[in-house]
Amino acid sequence: MANYTAADIKDLRERTGAGMMDVKKALDEAEGDAQKAMEIIRIKGLKGATKREGRSAAEGLIVATVNDGEGVMVEINCETDFVAKNQKFIDLANNVLEVAVSSGADDAEALLAAEYDGKTLGEYVTEEAATLGEKVAVRRVARVSGAYVDAYLHKTSKDLPAQVGVLMAVSTDDEKAQEAAHDVAVHIAALSPTYLTRDEVPAETVENERRVAEDTARAENKPEKAMEQIVNGRLNGYYKDVVLVDQPFAKDSKTTVGKVLEEAGTEAVQFARFRVGA
């Protein structure tokens, strides 16, 4: 019987994210040599990579960073929360983020094609996924820029890495603007707006919302002379749901996000919001 202890099993599980039986089998095959066992786990994982392709990867984490007025955020997925909180997976995510920053890639395809340690990032991710024993996917990348960018990462569970990430860019970088940008980033994490301003809402979407509002008002037998006012009111209600600057501010619903930024002497420039698996 190979010479290894329960502590060796625990250590190798933490280093690789592999299951207990896989770790024990690898240690047996490696006759207790932890380094060789890691190689066995990795090789067997690579052989199973094709089989993992069709599997669902709905867990994972969000990582983000800000440098010189540019924020970069990446969502990386895995199959289970066990791997999502594994340090090896977290290290992988941080390496992917570093490449996202240095490469300038603005989508997952370009990011995976970027160079990392003498290979493509995609190859590196595949190799690490083999060790972890799960499908790992770099799902999406966001980049925003402004005079000041706030990056906010939110944990939906204290036992897991950040599951929600927000980048919020504003037009000025004084202390008031920075405070407001952070407060709005927290607001975005909670309220999930779709658009920055009304101008970003597609014309066909506005037209459809207007039609629905009018059809609903007629079905409710609202008076014709008040129809335009009623439709406009309901359209404004739609804007309050989906447009960031029109949303009631999470910390004070008596004001709007737009007014909060205006009072801080700044304007919203860009934002991005990711939620794992959403």
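## A salt bridge within helix H10

Arg211 and Asp215 lie four residues apart in helix H10, so about one helical turn separates them. An α-helix has 3.6 residues a turn, so residues three or four places apart point the same way. In this predicted model, Arg211 and Asp215 form a salt bridge, with 3.4 Å between the closest N and O atoms. Arg211 is partly exposed, at a relative accessible area of 43%. Asp215 also counts as partly exposed, with a relative accessibility of 42%.

## From H10 to H11

A further salt bridge joins the side chains of Arg234 and Glu220, at 2.7 Å from N to O. Arg234 belongs to helix H11, while Glu220 sits in the loop between H10 and H11, so the pair ties together parts that are 14 residues apart in sequence. Arg234 is partly exposed at 32% relative accessibility, and Glu220 is partly exposed at 39%.

## Helix H11 and its buried residues

Helix H11 covers residues 227–242, and its length can be checked against the expected rise. At 1.5 Å a residue, its 16 residues should span 22 Å, and the end C-alpha atoms are 23 Å apart, which agrees. The buried residues of H11 include Met227, Ile230, Val231 and Leu235, and Tyr238, Tyr239 and Val242 are buried as well. The partner against which the buried residues of H11 pack is helix H10, residues 203–219.

Val231 is one residue of H11 that can be followed in detail. Its relative accessible area is 4%, which is under the 20% cut-off, so Val231 counts as buried. Leaving aside residues up to four places away in sequence, Val231 touches Arg210, Ala213 and Glu214. Leu132 is 99 residues from Val231 along the chain, and the C-alpha atoms of the two are separated by 54 Å.

## Salt bridges elsewhere

The whole structure contains eleven salt bridges. One of them is formed by the side chains of Asp183 and Lys251, at 3.5 Å from N to O. This pair links distant parts of the chain, 68 residues apart: Asp183 is in helix H9 (residues 175–191), and Lys251 is in the loop between strand E8 (248–249) and strand E9 (252–256). The two ends differ in accessibility class: Asp183 is partly exposed, with a relative accessible area of 25%, whereas Lys251 is exposed, at 62%.

## Packing of H6 and H8

Two packed helices are described by the angle between their axes and the distance between the axes. For helix H6 (residues 87–103) and helix H8 (residues 121–132), the angle is about 175 degrees and the axes are 11 Å apart. An angle over 145 degrees counts as roughly antiparallel, and H6 and H8 therefore fall into that class.

On the H6 side, the contact is made by Lys88, Phe89, Leu92, Asn95, Val96 and Val99. H8 contributes Leu121, Tyr124, Val125, Glu128, Thr131 and Leu132. By residue type, the contact of H6 with H8 consists of eight nonpolar, two polar and two charged residues.

Notes:
Residues are numbered from 1 along each chain as its sequence is written. This is a predicted model: local features need pLDDT of at least 70, side-chain atom pairs count only at pLDDT 80 or more; totals for chains, interfaces and linings use all residues. Side-chain values use heavy atoms; hydrogens and water are left out. Helices (H or I, at least four residues) and strands (E, at least two) are DSSP runs, numbered from the N terminus. The expected span of a helix is 1.5 Å times one less than its number of residues. Buried means under 20% relative accessible area, exposed over 50%, partly exposed in between (1.4 Å probe, protein chains only). Contact means heavy atoms within 4.5 Å. A salt bridge is a side-chain nitrogen of Lys or Arg within 4 Å of a carboxyl oxygen of Asp or Glu. Axes are lines fitted to C-alpha atoms, for helices over the stretch in contact, and angles run from 0 to 180 degrees between N-to-C directions. Angles under 35 degrees count as roughly parallel, over 145 as roughly antiparallel, 65 to 115 as roughly perpendicular and the rest as oblique. Ala, Val, Leu, Ile, Met, Phe, Trp, Tyr, Cys and Pro count as nonpolar, Asp, Glu, Lys and Arg as charged, and the others, Gly among them, as polar.
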